[in-house]
Amino acid sequence: ASNAQFYIGDISYQQGQFQKAIQEYDKAIEQYPNGNKAAASQLKKGYAYLNMDRRAQGTQELNSLMKRFPNTPEASLAKDKLASLGPEKPAARVKKRTAR
């Protein structure tokens with residue numbers, strides 16, 4: 001059942017439906033916390049957030065994965081992904097135009 005729940009999320013992910021994928025991965029994580037797809041679900045959930053330009057949530061999810069499942073291939077992938085992101089860019093400043 002844990003595998004099936006993961007793959008339901010993965011189908012949404014592959015279709016670019018990242019919000020739906022996150023919801024399905026959450027079910028896999030919450031309903032089967034010790035299932036063999038728990039780490040993979042959390043990894044893909046982090047990727048989904050990053051694909052939605054929600055870097056803070058994606059980073060948080062990947063860091064959480066590395067703490068929960070430190071010696072897994074998924075933790076290694078999460079570490080590599082975080083390293084590839086580089087430093088966060090500061091928010092662009094918007095110049096205010098003054099009325100003349």
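**A first walk around this helical model**

1. A good place to start is helix H5: the cover over its buried residues includes helix H3 (38–51) and helix H4 (55–68). Buried here means under 20% relative accessible area, exposed means over 50%, and partly exposed is in between (1.4 Å probe, protein chains only). Cover is judged by contact, that is, heavy atoms within 4.5 Å. Helices (H or I, at least four residues) and strands (E, at least two) are DSSP runs, numbered from the N terminus.

2. Before going further, please keep in mind that this is a predicted model, in which local features need pLDDT of at least 70 and side-chain atom pairs count only at pLDDT 80 or more, while totals for chains, interfaces and linings use all residues. Residues are numbered from 1 along each chain as its sequence is written, and side-chain values use heavy atoms, with hydrogens and water left out.

3. Now the overall picture. The protein has 5 helices and 0 strands, giving the pattern α-α-α-α-α along the sequence. Of its 100 residues, 38% are buried. About 6,900 Å² is exposed, with carbon and sulfur atoms supplying 50% of that area; the areas come from the Shrake-Rupley method with a 1.4 Å probe, and for residues only the protein chains shown count as cover. Taking contacts between residues at least 6 apart in sequence, 47% join residues at least 24 apart.

4. Back to H5, which runs over residues 73–85. Its 13 residues should span 18 Å at 1.5 Å a residue, and its end C-alpha atoms are 19 Å apart, which agrees. The expected span is 1.5 Å times one less than the number of residues. Glu74, Ala75, Ala78 and Leu82 are the buried residues to look for in H5. They cover an arc of only 100° around the axis, so they sit on the same side of H5; the arc is that of the directions from the helix axis to the C-beta atoms. Pro73, Ala83 and Ser84 are exposed on the other side. Just after H5, glycine 86 takes a positive phi of about 70°.

5. H4 can be read in a similar way. With 14 residues, H4 reaches 20 Å from its first C-alpha to its last, close to the 20 Å expected. Gly58, Glu61, Leu62 and Leu65 are buried in H4. Their arc around the axis is only 95°, which puts them on the same side of the helix. These buried residues pack against H3 and H5, while Ala56, Gln60 and Lys67 are exposed on the other side of H4.

6. Where do H3 and H4 meet? One spot to inspect is glycine 46, which has its place in H3 and is buried at a relative accessible area of 0%. Apart from neighbours within four places in sequence, glycine 46 is in contact with Gly58, Glu61 and Leu62. Glycine 46 and leucine 62 are 16 residues apart in sequence, yet 5.5 Å apart in space, C-alpha to C-alpha.

7. The largest nonpolar core has 19 residues, and Tyr13, Leu43, Leu62 and Leu65 have the most contacts inside it. Helix H1 (2–14), helix H2 (18–31), H3, H4 and H5 each give two or more residues to this core; H3 gives the most, with 8 residues. Such a core is a set of buried Ala, Val, Leu, Ile, Met, Phe, Trp, Tyr and Cys residues joined through side-chain atoms within 4.5 Å.

8. Finally, the charged pairs. Side chains of opposite charge can pair when their charged atoms come close. With a salt bridge taken as a side-chain nitrogen of Lys or Arg within 4 Å of a carboxyl oxygen of Asp or Glu, the count comes to 5. Lysine 44 and aspartate 10 meet in one of them (2.5 Å, N to O). Lysine 44 lies in H3 and aspartate 10 in H1, so the pair ties together parts that are 34 residues apart in sequence.

9. Glutamate 61 and lysine 45 form another salt bridge, at 3.4 Å, N to O. This pair links distant parts of the chain, glutamate 61 being in H4 and lysine 45 in H3, 16 residues apart. Both residues are buried. Do also look at Lys20, Glu24 and Lys27, which are linked in a network of salt bridges.
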